[in-house]
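Biologist: Could you take me through this model? I would like to begin with how helix crossings are described.

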There are 2 protein chains.
Amino acid sequence: MPQLIMKFGGTSVADIDRIKNAAARIKAETENGHDVIAVVSAMAGRTNELNASVEAISPFFDAREYDTVVATGEIVSAGLLTLALQEANVPARSWQGWQIPILTSAVHGAAQILNISTDAINSKFNEGMRVAVVAGFQGVTSDKRVSTLGRGGSDTSAVALAAAFGAKRCDIFTDVDGVFTADPRLVTKARKLDRVTYEEMLELSSLGAKVLQTRSVELAMRHKVRLRVRSSFNETNGTLVCDEEEIMENKAVSGVAHSRDEAKVTLLSVADRPGIAAAIFGTLSEASVTVDMIVQNISASGRTDLTFSCPVNQIKRAEKKLRELEKGQDVNFDSLVFDTEVCKLSVVGIGMRSQSGVAAKMFQALADYGINIKVIATSEIKISVLVERKFMELGVQALHDAFDLHHG
Amino acid sequence: MPQLIMKFGGTSVADIDRIKNAAARIKAETENGHDVIAVVSAMAGRTNELNASVEAISPFFDAREYDTVVATGEIVSAGLLTLALQEANVPARSWQGWQIPILTSAVHGAAQILNISTDAINSKFNEGMRVAVVAGFQGVTSDKRVSTLGRGGSDTSAVALAAAFGAKRCDIFTDVDGVFTADPRLVTKARKLDRVTYEEMLELSSLGAKVLQTRSVELAMRHKVRLRVRSSFNETNGTLVCDEEEIMENKAVSGVAHSRDEAKVTLLSVADRPGIAAAIFGTLSEASVTVDMIVQNISASGRTDLTFSCPVNQIKRAEKKLRELEKGQDVNFDSLVFDTEVCKLSVVGIGMRSQSGVAAKMFQALADYGINIKVIATSEIKISVLVERKFMELGVQALHDAFDLHHG
């Protein structure tokens, strides 16, 4: 029975040497007495290649066929890693989603895992298999079609397998050493965190620290799967993503996240009556616009200004939908104002719940550098602001300094 | 219900444009009222790439994992062709071996098709699907592992589907215009055959005219599947491979085949007693040496010379096995003589059965150019000779002229 899930991302299986390296890491764990489920992504770049082929043929593709095509990248990795394990004398075999099976919803391209059967894999472990190499990112629908879980879905595959098999740990191997207090490419003093709570990780991953797929963190939190983010390029310990109870003391702020390509949209002078916001955001949601922050100013004379943010590459879609809405006369407003030159800066920390003054300190740190704040949004453990994109790097560094994050 | 099977080889789905072209060819058939099963190979070069990755990791690979990896090439083609059909407003969906299912033996890498279920595909045709795009080359074992049918296996997939669905024709789209009286790269006057019998095609494909996989021709002959070999690059009619009855009159010789990389092995002075030949060729077969021609000279004083031919790249393996056999003292011989500079020339024709003098004419034609014959082998409808490789092109042309093949 597998005690350990080891997930290898695209850069960790990018070529033959990296695949052999992954096999060696897995072999070491089997020598520690662990049976292992290894979950693999496609070799770095392959999913993009397949994606490009699909879009070149069919811009508005049938998602079932898209899934059929892109899921092959993980199958190749799984087969090759299995062969590398066998070469290293580790009894292993590969598994595709339908072979396990990993049953998912039929929302192709963003399927939800409904059930994972453990019987087939466990019976092979009982026969002496030491490693099950599972093609990540994919499952199968009740209709026997191949489905995929969305970008970064292999993380979710790994966590779901950990939950299904009751594994004691799920190691996510990637090309960074763990979760940092900020992006080390922007902040040279950024420090690797030894531990981070699920809640913080959730905010960090949805805020643009692209270490883990957000859904995988949610799933880990729900099933209390101990996740470890670590590098496949060295032997450092990485970052453990775990329950709050496992972390002794929490600083107010654990990390600074940023998200580069944001846009801000303001509807000036919208009628302020019930149902208007629902109409606007319902329409945007139907068009798959991922609205993030929403701010509504105080109403004057029955009209108000409404501002929201979304990824900059969705701005055209958003505008089209809002213009349609205006023509349909369900909603009227004076004008639309777009700002496509903004970024989002956030501070995240579970300690924020019990410590005050975090927001004030954040705003002061930005003000000290003359960085103007355009929109503010907060949650229990996070404060986010939109600022001009040119201030992104400066802002992240200022916040990292202000909260003294380079000291552990 | 599908009336037509259309198989597209690697060069016919080599890139986005070729895939769109294939979709257009299929669409034209649906507009003629046909429901179609399209069978695809991997995009040209992809199988070689995957092959190379497998061998780089594991030279003596687990064939089950090899199959898992290489079968992905066809899945990608199937998905992309389906998308191209949908873009052209043709209702289509892709099918992998396990989804149909195409049940095969567990001889991975060279699996035999045991059964093809028609239910799932037919039920989609009944729902309005016009084209089922099937990933060629692959099936699934009773153990739910992905299997492949060996190089060129997509031809076999196509013919087997034609037999299972009772299709009225199976068109094999490739990068040549059909089956020729000789390789047009060697003989400029080579003429495309309008029709050729299964028996002739069988000899031609196993003799190095690499138009169709040999197994696919056997299968077509057994199930009387009318096969048409045609180009996906133009609209010419191609060559129909069919029953002898469908061909009015047979010339003595229909075509000249050649096989470049042959080798000849002679065991000098082998003990001539029962069981010796069985021991030798049994051993070679175990080592997967594909022995082709075998000649045994008249025995003198209880010892004989034994000559056989095999592909030149198997000669090392053959030598190793024969030396082992000698050491084991089961078989002894004076010496081994290798000739790795030979090629095979063959004339093939179903009319040969009723017309005499073909062999004499063949040998004379070669003698006229001073080409020495090293080994001769014959079947009912074929005469093959080994000659020095440097005479290959000259020999093919001489035979083509001698049998007047450029005249229809």
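Modeller: A crossing is called left-handed if the near helix is turned anticlockwise from the far one by less than a right angle, and right-handed if clockwise. Please keep in mind that this is a predicted model.

Biologist: Which hand has the crossing of H9(A) and H10(A)?

Modeller: The crossing of H9(A) and H10(A) is right-handed. Helix H9 (residues 276-286) and helix H10 (residues 315-327) of chain A pack at an angle of about 135 degrees, and their axes are 9 Å apart.

Biologist: How is that orientation classed, for H9(A) and H10(A)?

Modeller: As oblique: angles over 145 degrees would count as roughly antiparallel, and 65 to 115 as roughly perpendicular. H9(A) and H10(A) are therefore oblique to each other.

Biologist: Which residues of H9(A) and H10(A) make the contact?

Modeller: H9(A) contributes Ala279(A), Ile280(A), Thr283(A) and Leu284(A), while H10(A) contributes Ala318(A), Lys321(A) and Leu325(A). By class, the contact of H9(A) with H10(A) has five nonpolar residues, one polar and one charged.

Biologist: Changing topic, how many residues of chain A are in contact with chain B?

Modeller: 27 residues of chain A are in contact with 27 residues of chain B. Two or more residues each come from helix H1 (16-31), helix H2 (46-57), helix H3 (63-70) and helix H4 (72-87) of chain A.

Biologist: Which element gives the largest share on the side of chain A?

Modeller: H4(A) does, with ten residues. The side of chain A that touches chain B divides into 14 nonpolar, nine polar and four charged residues.

Biologist: And what turn lays chain A on chain B?

Modeller: A turn of 180 degrees, with a shift of 0.1 Å along the axis, lays chain A on chain B with an RMSD of 0.1 Å. The two copies are thus related as by a two-fold rotation axis. In chain A, the C-alpha nearest that axis belongs to Thr72(A), 2.8 Å from it.

Biologist: Now the sheet in chain B: what is the strand order?

Modeller: The order is S14-S15-S13-S16-S18-S17 in chain B, an open sheet of six strands with antiparallel pairing. Strand S14 (294-296) and strand S17 (375-379) of chain B stand at the edges with a single partner strand each, so one side of each has no neighbour in the sheet. The twist averages 25 degrees from one strand to the next.

Biologist: How many bridges join S16 to S18 of chain B?

Modeller: Seven bridges join strand S16 (residues 335-348) to strand S18 (residues 382-388) of chain B. Lys344(B) has Leu386(B) in S18(B) as its bridge partner.

How values were computed:
Residues numbered from 1 in each chain as written. Chains lettered and ligands numbered in written order. Predicted model: local features only at pLDDT ≥ 70, side-chain atom pairs only at ≥ 80, totals over all residues. Least-squares fit on C-alpha atoms with pLDDT ≥ 70 in both. Axes fitted to C-alpha atoms, helices over the stretch in contact; angles between N-to-C directions. Helix = DSSP H or I, 4+ residues; strand = E, 2+ residues; numbered from the N terminus. Parallel < 35°, antiparallel > 145°, perpendicular 65-115°, else oblique. Contact = placed C-beta atoms within 7 Å. Nonpolar A, V, L, I, M, F, W, Y, C, P; charged D, E, K, R; others polar. Pairing = 2+ DSSP bridges.
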